[in-house]
Amino acid sequence: MHHSQNRATLGGKLSAVLVAAGSSVGLGNIWRFPYVAGDNGGGAFLVIYILCVLLLGLPVMVAEFTIGRASQRNAVGAYRALNPRWSFLGYNGVLAAFLILGFYFVVSGWTAEYMIHSVTGSLAHFTTPEEYSSIFENFISNPWRPVLYTGLFVLVTHFVIALGVQKGIERSAKLLMPLLFAILITLAIHAMTMPGSIEGLRFFFKPDFSKVTASTILVALGQAFFSLSIGIGTMVTYASYFKPDTNLRHTALNVTILDTLVAVLAGVVIFPAVFSAGIEPSSGPSLVFITLPGIFNTMPLSMVWSSVFFLLLVVAALTSTISLHEVITAYLHEEWRLSRRAAAWTTTAATMVLGTVASLSLGVLGGWKICGLSIFDSLDYITANILLPLGGFFTCIFVGWRLDQQILKAQITNNGALKFRIYRLYIFLLRYVCPIILLLIFLDNLGIF
Ligand code: TRP
């Protein structure tokens with residue numbers, strides 16, 4: 001197997017976990033998970049979600065880690081080195097990373113704008129939900145402000161990537177992930193002391209099986225894959241920087257535990273606030289950008305809580321945009337032989353253009369539609385409903401059926417140094433359970449059922 005001589009590797013054991021958790025923990029956990037869980041049966045959804053994470057997410061993450069560390073290449077190069085016929089999976093990853101960044105940068109830009117307005121206090125001038133709703137609508141459809149903030153976010157991401165794997169990605173994860181946990185725990189404790197918080201927690205945790213349908217499993221699995229950053233080669237790219245003695249299984253287990261913990265804590269922060277204000281929990285972007293600012297406003301020290309909350313979102317989004325940017329940068333650097341600098345700038349410029357179009361598609365370019373969806377919504381739709389489950393499906397097939405099993409075993413056991421007692425169970429999940437369920441999700445998303 002080819003090993004590049006001077007390829008960067010991450011430092012200690014903790015670095016692998018923090019960097020991968022940085023990618024996983026993002027807007028998916030704090031913004032999307034709570035309302036998806038609330039809409040799909042609360043505690044009942046949580047149980048199904050955790051089963052999906054453990055039975056399906058974990059095996060796929062270990063599979064991606066295997067591909068990355070075995071090849072020590074970018075997503076495309078990794079498949080090319082292991083089995084050239086499967087390089088399409090790498091291209092699917094680079095394309096999906098690019099398309100996800102297109103809308104993810106835009107939402108990240110909103111969080112940055114809201115953070116800055118919280119700090120300056122200009123978000124505290126309003127009172128009614130209608131006012132908060134209209135400032136949000138005005139803001140996202142404004143022709144230049146969201147583009148400016150998107151650009152700001154792209155540049156900060158670029159700056160971290162340009163510093164390199166160790167000085168940029170690893171150092172930022174070591175700094176930002178503890179910060180994220182500190183903020184989240186502070187907010188959770190604060191939320192639980194609010195009047196009416198019990199009702200919020202009950203809504204979030206109470207199992208409501210009447211809302212569980214066949215498609216709940218599919219919703220849970222889609223959420224799990226997006227939240228864990230798996231299916232499209234992000235973890236392949238990160239694992240290509242892991243050290244030979246990194247324990248892939250433990251790293252994957254720790255990342256999934258942290259990721260799930262953040263999702264649950266986010267619900268603990270958000271729902272008590274929603275219920276103590278006597279507001280119906282609504283879904284989507286409105287929960288974080290409309291409902292919450294209104295609620296913060298009614299609390300003592302509102303500017304502080306709202307600034308801290310949006311800082312949390314910014315931090316969570318940043319470590320995820322870094323990981324998506326790295327997928328493309330590493331590809332351009334290694335496959336197109338651009339310098340890392342040039343590769344990073346190319347990625348930055350391209351995502352900036354796409355992000356601008358996506359942002360404008362919510363305002364002045366609102367007439368541009370793909371199958372009835374705005375550009376922004378179609379980027380979300382294409383990646384979450386098509387590229388992600390397809391990528392996950394083929395990753396299972398490749399690692400379960402096509403990859404030389406010696407390579408798989410060597411990676412998982414670090415060449416025999418570690419024991420893996422449930423290897424057979426692992427292979428069974430990877431070969432049968434994961435691909436079949438992923439295929440079902442995919443068909444369901446296309447409206448086959
Ligand atoms: N997991 C991140 C979140 O929860 C988003 C993300 C980063 C992602 N890299 C990814 C999603 C790769 C899918 C695939 O916000």
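**Note on the ligand site, cavities and second largest pocket**

1. The residues lining the largest cavity divide by class into nine nonpolar and nine polar, with no charged residue among them. The model under review is a predicted one. This cavity has a volume of about 150 Å³, and the space taken by the ligand is this very cavity.

2. A total of 18 residues line the largest cavity, and those lying nearest its centre are S23, I100, F226, S229 and L324. Helices α1, α2, α5, α10 and α14 each contribute at least two residues to this lining.

3. The shell around the ligand comprises 17 residues, of which S24, G28, Y104, F226 and S229 are the closest. F226 and S229 thus appear among the residues closest to the ligand and also among those nearest the centre of the largest cavity. The helices that each supply at least two residues of the shell are α1 (13–24), α2 (27–39), α5 (87–120), α10 (214–228) and α14 (302–335). By class, the shell holds seven nonpolar and ten polar residues, while charged residues are absent from it.

4. Backbone atoms lie at short listed distances from the ligand at three residues named here. For S24, a backbone N or O atom is 3.0 Å from an oxygen atom of the ligand. A polar backbone atom of L27 is 3.1 Å from an oxygen atom of the ligand, and a polar backbone atom of S227 is 3.1 Å from a nitrogen atom of the ligand. On its own the ligand has 360 Å² of accessible area, and the protein covers 100% of it.

5. How many cavities of 30 Å³ or more does the structure hold? The count is six. The second largest of the cavities has a volume of about 70 Å³. Its lining is formed by L187, H190, A191, M194, V269, A273, L292, F296, M299 and F309. Two or more of the lining residues come from each of α8 (165–192), α12 (248–276) and α13 (285–297). Helix α8 provides the largest share, with three residues. By class, nine residues of this lining are nonpolar, one is polar and none is charged.

6. The second largest pocket merits a separate entry. Its volume is about 400 Å³. The pocket is lined by 20 residues, and R32, G222, D380, A384 and N385 are the ones nearest its centre. In this lining, twelve residues are nonpolar, five are polar and three are charged.

7. Which helix gives the most residues to the lining of the second largest pocket? Helix α10 does, with six residues. At least two lining residues come from each of α2, α5, α10, α16 (375–402) and α18 (423–445). Helices α2, α5 and α10 are therefore shared ground in a reading of the two sites, since a residue run counts as one helix under a single number: each supplies at least two residues of the pocket lining and at least two of the shell around the ligand.

Terms used:
Residues numbered from 1 in each chain as written. Predicted model: local features only at pLDDT ≥ 70, side-chain atom pairs only at ≥ 80, totals over all residues. Heavy atoms only, no water. Near = heavy atom within 4 Å. Polar contact = N/O pair within 3.5 Å; in protein donor to acceptor, adjacent residues only side chain to side chain. Areas by Shrake-Rupley, 256 points an atom, 1.4 Å probe, with all protein chains shown as cover. 1 Å grid on protein atoms, 1.4 Å probe; cavity = no way out; pocket = protein on both sides within 12 Å on 5 of 7 lines; lining within 4 Å. Sits in = over half its atoms within 2 Å of the grid points. Helix = DSSP H or I, 4+ residues; strand = E, 2+ residues; numbered from the N terminus. Nonpolar A, V, L, I, M, F, W, Y, C, P; charged D, E, K, R; others polar. Points joined across faces, edges and corners; volume = space filled by probe spheres on them.
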